[in-house]
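Colleague: Thanks for making time for this. Could we go through the model together, with the reasoning behind each label spelled out?

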Amino acid sequence: MATDEIAVLSRDVTKIFGRGETQVHALRGIDLKIRLGELTMLVGPSGSGKTTLLCVITGLLDATSGELVVLGRRPAELSQEELILFRRKNLGFVFQQYNLIPALTAAENVAVPLLAGGVKRQQAVARGKEFLATLGMSHRAHALPSELSGGEQQRVALARALVHEPKLIVCDEPTSALDAATGQTVMELLSVTAVRPDRAVIIVTHDARIFDFADQIAHMDDGRIVSLEEDRKNGTRTNVLAPASAVLSLAARRNVFPHERRVGT
Amino acid sequence: MNFVALKMLVADRAKYFSLIFAIAFASFLLANQISIFIGIMARPASQIRDVVDADVWVMDPQTLYSDEVYALRDYDLYRIRSVPGVEWAVPLYKGTGRAKGPDGRFRTVILMGVDDASLVGAPRKMLVGSIYDLNQPDAAIIDKAGFQYFFPDQPLHVGETLQMNEKRVLIVGISDASAPFQSFPVLHTRYSQALGFVGRERNLLSFVLAKPLAGVSIQELCQRIETATGLRARSAAEFSWDAFRFYMQNTGIPVNFGITVMIALIVGTVVPGQTFYIFTMESLKEFGALKAIGVTNRRIVSMILLQAMVVGSTGYALGMGMAAAFFATFLNYLPTRGIILPWQVMASIAVVVLFVVGLASLMSIRRVLVLEPAVVFRS
């Protein structure tokens, strides 16, 4: 499904928080290429820089140095206002804690990106209901988030991320708050509805159970991509990008290569 | 996005209503205390306001306000009449005496002696009878509160008698006189009659009421009278302010009301301000998600301002409704009669509420504007 068109191109991207002795190197030279039509997972232990990388890609944080191109635009060259408009038009978000607005019904929550883009309320909510229907949630369109299960809330969040037809979907631990079966269902829905030839999906996750859905997996540790599994659906090709000791230590700590281990046994 | 803002606002009913009621209560308390303060402080000038015919009050140069008077000499009236620009000048007696009712109950009363010939100074708001009935022997007009004190449970009527200085006082009319500062009954009678009701004093000419000729301003006439006679001449408005200032400077009333108003202001600012700020803080994740999704800062600011305006205007309207109901209820209650909710007070409180919600929303807006949308990625 992947095309040759690049959705995200990152070259030697760094991100440093703080100054002087208190500074933290969250990203240390990230080189990554994500193509349209691909589902890329960023995996690694806590503090490895996955979420920071996601924030930098989406323009929520500025990179300290390096070159970053997202959907043909360089976030560093966009003004704050342009960046917001860019995000609104091109990006869809799925958060770990769903971040639905408790006061709004499921359909209204789905409609939020459309409302932010200036679509009229009735039209936006109607579109929200349509999207919920595609995710099998039409019967819950009028329910408040507090009346929905975790899986249902994540499906509403998924619908919200998709409703405005963005080119890039970013998901932060979309299954971590769900049980295994629900997580699997959400991922199946995500891979069916979100992955398209003209769209890229990036997922930050710890959840090894969903690695099979990925086209590409970037393993991160200490602000670096230590290994990259490309073309996984066409036969895995692992590029080790960091010293072997770092990869082995990461693998030992987090058991991050279950798929390969399975192949090996 | 306006409906999103409103739904976020009303979602937590308890917090929403506590915000509304905090503002409503503060508005009510402010309106109530300020209006009562103004009403009470306006009372010392009641007898000045009730004299609608005269523009200028002339008095002893040392007179500070209308309740403490050192009488003029009778010939001062003629000196004032001779000042160029005076259309007419008439005597007015204002003093106190003791009146006794038929059942023996007595009370200090404010006695107003108006000019025999012109009846200038007589009450204009009559409930029963006419001011011209003052021409009868021993006649006096009593105010409604006085009548109800001396003749409780009786309908308003004329023909009753009181006793003052061992003399018969025939009630020929009942007026709707403005309530005086001390809630004494107010009696109007003719100037010549007043002398008999209070007993013989050397001088009884409390004031001279005058009116300028056409083309002569009140201020100009006051100046001419002061220059020509050495007496003090004040316009009715100035003389009313003199009374207001005297009570402001010489009583504890302003301090007392001031403390209550300050407390209402502080409570009315802190409680809704803090609640609104907390409300925003608890919605930070939602605002962060909206910012991440691509809602502009300008739009988020307008959402917060809309929430603040809705809370402020609803609370204000409720508070003013409560205040209006209070004053409507107590308007005809004798001790609080005449105390109203002035529109200026309502307007001032609207400004205060606007300031309160503006301040609260500014704090919230500041917090939301500096919010990194990346906060939504923290679990």
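**Reasons behind the labels**

Modeller: Happy to! Chain A has eight helices and ten strands, and please keep in mind that the model is predicted.

Colleague: How many residues of chain A count as buried, as a percentage?

Modeller: Of its 265 residues, 50% are buried. As for the fold, residues 24 or more positions apart make up 68% of the contacts in chain A with a separation of 6 or more.

Colleague: What makes helix H1 of chain A, residues 50–57, a mostly covered helix?

Modeller: Eight of its eight residues are buried. They are A:Lys50, A:Thr51, A:Thr52, A:Leu53, A:Leu54, A:Cys55, A:Val56 and A:Ile57. The label buried asks for 20 or more other C-beta atoms within 10 Å. Just after H1(A), A:Gly59 takes a positive phi of about 80°.

Colleague: And on the other side of that helix, why is A:Gly47 called partly exposed?

Modeller: A:Gly47 has 14 C-beta neighbours inside 10 Å. Buried starts at 20 and exposed stops at 12, so with 14 the residue counts as partly exposed. A:Gly47 lies in the loop between strand E3 (39–43) and H1 of chain A. The C-alpha atom of A:Gly47 is 6.9 Å from that of A:Asp222, although 175 residues separate the two along the chain.

Colleague: Why does A:Glu165 count as exposed?

Modeller: A:Glu165 has 12 other C-beta atoms within 10 Å. The label exposed applies at 12 or fewer, so A:Glu165 is exposed. Its place is the loop between H5 and strand E6 (168–172) of chain A.

Colleague: What is the phi of A:Glu165?

Modeller: A:Glu165 has a positive phi of about 55°, although it is not a glycine. Most residues other than glycine have a negative phi. Chain B offers another case: B:Asp138, also not a glycine, has a positive phi near 60°.

Colleague: Where is B:Asp138, and what makes it partly exposed?

Modeller: B:Asp138 sits in the loop between strand E4 (126–128) and E5 of chain B. There are 18 other C-beta atoms within 10 Å of its own. That number falls between the limits of 12 and 20, so B:Asp138 is partly exposed.

Colleague: On to helix packing. Why are helices H5 (residues 150–162) and H6 (residues 180–193) of chain A called roughly parallel?

Modeller: Their axes cross at roughly 15° and come within 10 Å. Angles under 35 degrees count as roughly parallel, so H5(A) is roughly parallel to H6(A). From H5(A) the contact takes A:Gly150, A:Gly151, A:Gln154, A:Arg155, A:Leu158 and A:Leu162, and from H6(A) A:Thr182, A:Thr185, A:Val186, A:Leu189, A:Leu190 and A:Thr193. By class, that contact has five nonpolar residues, six polar and one charged.

Colleague: In chain B, what makes H2 (residues 13–42) and H11 (residues 297–330) oblique to each other?

Modeller: H2(B) and H11(B) pack at an angle of about 40°, with their axes 7 Å apart. That is past the 35 degrees for roughly parallel and short of the 65 for roughly perpendicular, so the two helices are oblique to each other. H2(B) passes H11(B) in a right-handed crossing. The contact of H2(B) with H11(B) has 16 nonpolar, seven polar and no charged residues.

Colleague: Why is H1(B) also called oblique to H11(B)?

Modeller: The axes of H1(B), residues 2–11, and H11(B) cross at roughly 50° and come within 9 Å. The range from 35 to 65 degrees is oblique, so H1(B) is oblique to H11(B). B:Asn2, B:Val4, B:Ala5, B:Leu6 and B:Leu9 of H1(B) meet B:Met303, B:Leu306, B:Gln307 and B:Val310 of H11(B). These residues divide into seven nonpolar, two polar and no charged.

Colleague: How many residues of each chain are in contact with the other chain?

Modeller: 25 residues of chain A are in contact with 19 residues of chain B. H2(A) gives the largest share of chain A's side, five residues. That side divides into 16 nonpolar, four polar and five charged residues.

Colleague: Finally, what confidence does the predictor give?

Modeller: The complex has an ipTM of 0.77 and a pTM of 0.74. Chain B averages a pLDDT of 88, and 99% of its residues score at least 70. Within chain B, confidence is lowest in helix H9 (residues 253–282), at a mean of 83, and highest in strand E5 (residues 139–143), at 95.

Definitions and conventions:
Residues numbered from 1 in each chain as written. Chains lettered and ligands numbered in written order. Predicted model: local features only at pLDDT ≥ 70, side-chain atom pairs only at ≥ 80, totals over all residues. Helix = DSSP H or I, 4+ residues; strand = E, 2+ residues; numbered from the N terminus. Axes fitted to C-alpha atoms, helices over the stretch in contact; angles between N-to-C directions. Parallel < 35°, antiparallel > 145°, perpendicular 65-115°, else oblique. Left-handed = near helix turned anticlockwise from the far one by under 90°. Nonpolar A, V, L, I, M, F, W, Y, C, P; charged D, E, K, R; others polar. pLDDT = per-residue confidence, 0-100. Contact = placed C-beta atoms within 7 Å.
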